[in-house]
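Me: I should like to understand the reasoning behind the structural terms used for this protein. Please set each term against its criterion.
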Amino acid sequence: MWQLNDATQSDYYWKNFEQILGWVKYWHAELLSSEDNALIEEFFALPLDARKLWLRLSSRKPTWFRSDKLHYADIDNLTQAQQRLCETNWAQRPPLSLADWLQAMTQKELKQFALAQSATITPSATKPKLLKQLASQLAADQTPPFKAIQPLRQQQFQRILWLFFGHSNSDLSELVKTALGHVQYENYTIRPRGIFDSKVALTQFETLTLWQQSWRDASPPQQQRLIAELLLWLKQTTLRPQFVGKCSRLLNSVARQLERQGLFQQALTLYAFSQREPSREREIRCWLKLGQQQQAQRRYQAALEQPQSANETLALQRMGHYFGKPRMRRQQYRAIQQITAPRMATEQLEYWVLQQYQQQGWEGLFGENLLPQAVFGLVFWDIIFADIDSAFCQPFQRGPRDLLSPTFIRKRQRLIARRMRSIQHYPQAVANRIARLVKTKFGIENPFVVWRWAQHHALDSWFKRLAPDYWLAIFNRLLDDIRQYRSGFPDLWLWHPELGTLLVEVKGPKDSLRGNQRHWLAFLAENGLRCGVVDVQFLSTKPS
């Protein structure tokens, strides 16, 4: 069981790190290499103050620190701790450029340093001007007036952190934010071996992650070598299901770069291994660019017969004119109202239109995507955090690992169907659930709920203002493709005691509807919900 240590204790960060190491050694002992175990032993051989200082520095974003600016109440002797870290190669005194160490000084310190060096400066100058003046007068190898320290060997702990977090995008700062109360996570069931259930799984994850890191800094010749290595590895590897998404996203990203360079044939070889959209759409476009109409037609037809998502279906429909189908026309929307407004900043426009409606007796809010997502997140809260197929493998997850993958709905189909029936037959009970969860779950991370917005609006009341059939339609569409359909909702959610509910998209001068906004307006209208566009024009400031 994971339990964060009390952030009021000065060494909470250290106890949390010890807990991470203990967690990994308990759950993944068989996956730790001899080098990993030796690293942990060597680390614990350091004096306690040195270990604490290394962890403090490694948990912060800068790569180096001024020694005279370090102050930690839980470390008894900072000078000795720094010295010990440098002696054992856990830290170093980094070589600093003149610009780097000058930038690390305050304006007051720069003036004092200039006086000590007899440098000519303008006493009233700003810091940027002081930096320029000093840089022009000091030698490039000028010794800084302070010592610096840079922690080393963080990369050697990379595997251990991967095993704990289950991905490569988190670091130790996550513990600090959580312990300080900046972030709270749901108390879900954790399955620590959900991702790394074998050495094969860890090896595959490492291969993909390290390849991605190498690609970022590679020169064009190095990129060609890396592509060849990746393709060979993919041909020889049966990819574990938990890494299909990671691998496909990587392949799509690299192949898209190749497309932009005109390397369509090479992009095709990568797209062929991807199992996630938009790989098939991009394949079709590559074949078309190469003038291979028949190849493109075959791929198009195969994708059209078994689309991976609603988003892919839409993309395929848009390109149907390449294969003899009528060109897909954009649906035209006539504004339900045209308003002339005084000139104002674009971000104020929705609030101004909301005020106009409120003056006519409407209640409303600028809810856009926030309202439907928050209602969805609350209605399906327990399903989102359900213990299904190792969806949660560590304590710092906003949502399940498969949230944006096609498996999310498939694995929870029965639970979702049961909740949909509750919405249909017991809407008041669902509204009560929303109200209760707002109180009991307030502040806890949920991938659909933005609490700083949700806390100011009666979400249970807004749920009741739409008939259950409307919510069922919205939720079903959202579940069709969460990544695609979680945005694009109309700006204003309005309610009138006599006229009912109205959803309004506000468009200012020279503003037009985006694709996802067109989709939602059409979908909502098809399902009988009143919605439309309000066209706002600014009053002319030119004299008549």
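Me: What makes the sheet of five strands an open one, and in which order do its strands lie?

Reply: In this predicted model, the order is β4-β8-β7-β6-β5, with mixed pairing. Strands β4 (337-341) and β5 (363-366) stand at the edges and have a single partner strand each, so one side of each is left without a neighbour in the sheet. Neighbouring strands are turned by 25° against each other on average, direction ignored.

Me: How do you know that β5 and β6 are paired?

Reply: Two strands pair if DSSP finds at least two bridges between them. Strand β5 and strand β6 (residues 492-496) share four bridges, in the antiparallel sense, so the criterion is met. Within this pair, phenylalanine 366 has leucine 492 of β6 as its bridge partner.

Me: What lies across β7 and β8?

Reply: Helix α27 (residues 515-526) lies across β7 (500-507) and β8 (531-538), and runs at about 135° to β8.

Me: Which residues does UniProt list for "domain: VRR-NUC", and what is the secondary structure there?

Reply: The unreviewed UniProt entry lists residues 436-538 under that name. Over this range the chain is 44% helix and 20% strand, and its end C-alpha atoms are 44 Å apart. For the protein as a whole, the secondary structure comes to 27 helices and eight strands.

Me: Why is the largest nonpolar core said to lie between two domains?

Reply: Both domain 1 (11-178) and domain 2 (199-322) give residues to this core, so it lies between them. Of its 76 residues, Leu53 and Phe157 touch the most other members. Helix α1 (residues 12-27) supplies the largest share, eight residues.

Me: With which residues is leucine 53 in contact, leaving aside its neighbours within four places in sequence?

Reply: Contact requires heavy atoms within 4.5 Å. On that basis, leucine 53 is in contact with Leu70, Tyr72, Ile75, Leu78, Ala81, Gln82 and Leu85. Another core, of 55 residues, lies apart from the largest one; Ile384, Val449, Trp451 and Ala473 are among its members.

Me: What makes a residue count as buried, and what percentage of the protein do such residues make up?

Reply: A buried residue has under 20% relative accessible area. Buried residues make up 48% of the 544 residues in the protein. The C-alpha atoms fill a box of roughly 75 × 70 × 55 Å, taken along the principal axes.

Me: What percentage of the contacts with a separation of 6 or more joins residues 24 or more positions apart?

Reply: Such residues account for 72% of those contacts.

Definitions and conventions
Residues numbered from 1 in each chain as written. Predicted model: local features only at pLDDT ≥ 70, side-chain atom pairs only at ≥ 80, totals over all residues. Heavy atoms only, no water. UniProt positions renumbered as here; feature names shortened; annotations may be inferred. Helix = DSSP H or I, 4+ residues; strand = E, 2+ residues; numbered from the N terminus. Axes fitted to C-alpha atoms, helices over the stretch in contact; angles between N-to-C directions. Core = buried A, V, L, I, M, F, W, Y, C linked by side-chain atoms within 4.5 Å. Buried < 20%, exposed > 50% of the residue type's maximum accessible area, 1.4 Å probe, protein only. Domains from an automatic or database assignment.
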